[in-house]
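Colleague: I am new to this structure and should be grateful for guidance on how to read it. May we take the features in turn?

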Amino acid sequence: MKKITDNIFYCGVEHHDRRLFDQLVPLPCGTTYNSYLVKGSEKTALIDTVYPEKAEELINKLKEAGINKIDYIICNHGEQDHSGSLNEILELYPAATVVTNAKCKEFIMEMLHVDESKFKVITDQETLSLGNVTLQFLISPWVHWPDTMFTYVIEDKALFTTDFLGAHYPTSEKNIDKSGDKELTEAAKRYYAEIMMPFRTFCAKYVKKIRDLNVKYLLPSHGPYYSNPDFILDTYEEWTSDTPKNLVVIPYVSMYGSTELLVDYLKQSLEEKGVEVKLFDLVKSDVGELAMELVDAATIVVGTSMVLAGPHPSAINGAYLINALRPKAKYFSVVGSYGWGGNMENKLAEILGNLKVEKLNSVIIKGKPTNDDFIKVDELAEKIAEKHKSL
Ligand SMILES: Cc1cc2nc3c(=O)[nH]c(=O)nc-3n(C[C@H](O)[C@H](O)[C@H](O)COP(=O)(O)O)c2cc1C
Ligand SMILES: [Fe+2]
Ligand SMILES: [Fe+2]
């Protein structure tokens, strides 16, 4: 086990070959499930467990380190990637008490069938002494479930933040603290975009709360820990701010290339006007990359061909995901091509109902774009560029 402070040890596991999370989120390089041991002079606490498939690895680590007594298992979040090995750990340490908040206890009982007698329920700010070390629980819901909480080791100024501030970035014990690393920043952004962005307001609130605590160590449950908390806190402040960047994201789908001609032209026209553009072909793109660009985008333009009187199903799927992620974009438009009739705009606007966006004029054309159609695209680009000047 890697020693982090005199009292805190890392006992998590790596999952390099996992390629999909929650059957939705691509993992380009795998992830980790972080579990930590806090050893006090009198009691020992395990902070979270690991993904069920990896239970044996965690157990082996604890056995190899000669840990023959665990008094408390702290569950900061009920999702099974952290709580899923609880039954195996309780089998090994039958005297251990599961310490968590009321909501998380409810989830664990329902999802893992852990007996009620095993739990100690704590409330916000409550402390638990391990002897020379004190744990304090900070109830912090909605990053990203209603049950999430943080655990603070007061003497070490170390905060376990569960999924919050994590990254799907498989670190070996050698490079586990890589504050400031460019690849890590990308992984943390992808993770924020996919998992935390729908809860942007909560994220901003907790970043503030953590700054006020003046912590020395931030220990999330995926990816590396931070002994330089400012790096990740500064980054989160930027991502969660209300101000988007001069960026247009264009997710699109085109069956016979007409819509594609429109979006390619729109990209070029916007770039000529000094606006950055990211195009995503919804049939081929990695949804994580699209989500990452949505963190900063000021405008979203959906491109689609008309299919069976509405948007192409891939555009509906993309719009549904965008709506669920609730990005901070301020403007929205649709470009597309049809053959005889239908309505793409209303359906897309309806699906994107969560977004607080101003709808700009659309460019919906018949068949392959003509010169007049490209002029309309130029007008849309002009409008977007003008709007972006006042961001
Ligand atoms: C399976 C299929 C269904 C279609 N349904 C409609 C429709 O309901 N209404 C319509 O106006 N055009 C419909 N079209 C025609 C396309 O919208 C039209 O050809 C458009 O120009 C295609 O744009 P694209 O080249 O970007 O794919 C359909 C085409 C296909 C292949
Ligand atoms: Fe989670
Ligand atoms: Fe997680």
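**Reading the model step by step**

Modeller: Let us begin with a sheet: an open one of 7 strands, ordered E1-E2-E7-E8-E9-E10-E11, with mixed pairing. Please bear in mind that this is a predicted model.

Colleague: Which strands stand at the edges of this sheet?

Modeller: Strand E1 (2–3) and strand E11 (119–121) do; each has a single partner strand, so one side of each lacks a neighbour in the sheet.

Colleague: How many bridges join strand E8 to strand E9?

Modeller: Pairing is read from bridges between two strands. Here E8 (residues 44–47) and E9 (residues 72–74) run parallel and are joined by 3 bridges. To follow one of them, start at Ile-47, whose bridge partner in E9 is Ile-74.

Colleague: What does the secondary structure of the protein come to?

Modeller: There are 12 helices and 23 strands. The C-alpha atoms occupy a box of roughly 80 × 40 × 35 Å along the principal axes. Of the 391 residues, 49% count as buried. As for contacts between residues at least 6 apart in sequence, 72% join residues at least 24 apart.

Colleague: Into which domains is the protein divided?

Modeller: The assignment gives domain 1 (2–240) and domain 2 (248–384). Their centres, taken over C-alpha atoms, are separated by 38 Å. In the contact between them, domain 1 takes part with 11 residues and domain 2 with 12 residues.

Colleague: Which elements supply at least two residues each to the side of domain 1 that touches domain 2?

Modeller: They are strand E5 (25–26) and helix H5 (182–196). H5 gives the most to this side, with 5 residues. Sorted by class, the side of domain 1 that touches domain 2 has 7 nonpolar and 4 charged residues, and no polar ones.

Colleague: I should also like to understand the ligand. Which residues come nearest to ligand 1?

Modeller: A ligand site may be read as a shell of residues. Around ligand 1 there are 18 residues, of which Met-255, Tyr-256, Thr-259, Ser-305 and Gly-339 come nearest. Helix H8 (258–272), strand E19 (297–307) and strand E21 (331–338) are the elements that give two or more residues to this shell. E19 provides the largest share, 3 residues.

Colleague: How many residues of the shell around ligand 1 are nonpolar, polar or charged?

Modeller: The shell has 8 nonpolar and 10 polar residues, and no charged ones.

Conventions
Residues are numbered from 1 along each chain as its sequence is written. Chains are lettered from A and ligands numbered from 1 in the order in which they are written. This is a predicted model: local features need pLDDT of at least 70, side-chain atom pairs count only at pLDDT 80 or more; totals for chains, interfaces and linings use all residues. Domain bounds come from an automatic or database domain assignment. Two residues are in contact if their C-beta atoms, placed from the backbone, lie within 7 Å. Helices (H or I, at least four residues) and strands (E, at least two) are DSSP runs, numbered from the N terminus. Ala, Val, Leu, Ile, Met, Phe, Trp, Tyr, Cys and Pro count as nonpolar, Asp, Glu, Lys and Arg as charged, and the others, Gly among them, as polar. A residue is near a molecule or strand if its C-beta atom, placed from the backbone, lies within 6 Å of it. Two strands pair if DSSP finds at least two bridges between them. A residue is buried if 20 or more other C-beta atoms lie within 10 Å of its own, exposed if 12 or fewer, and partly exposed in between; C-beta atoms are placed from the backbone.
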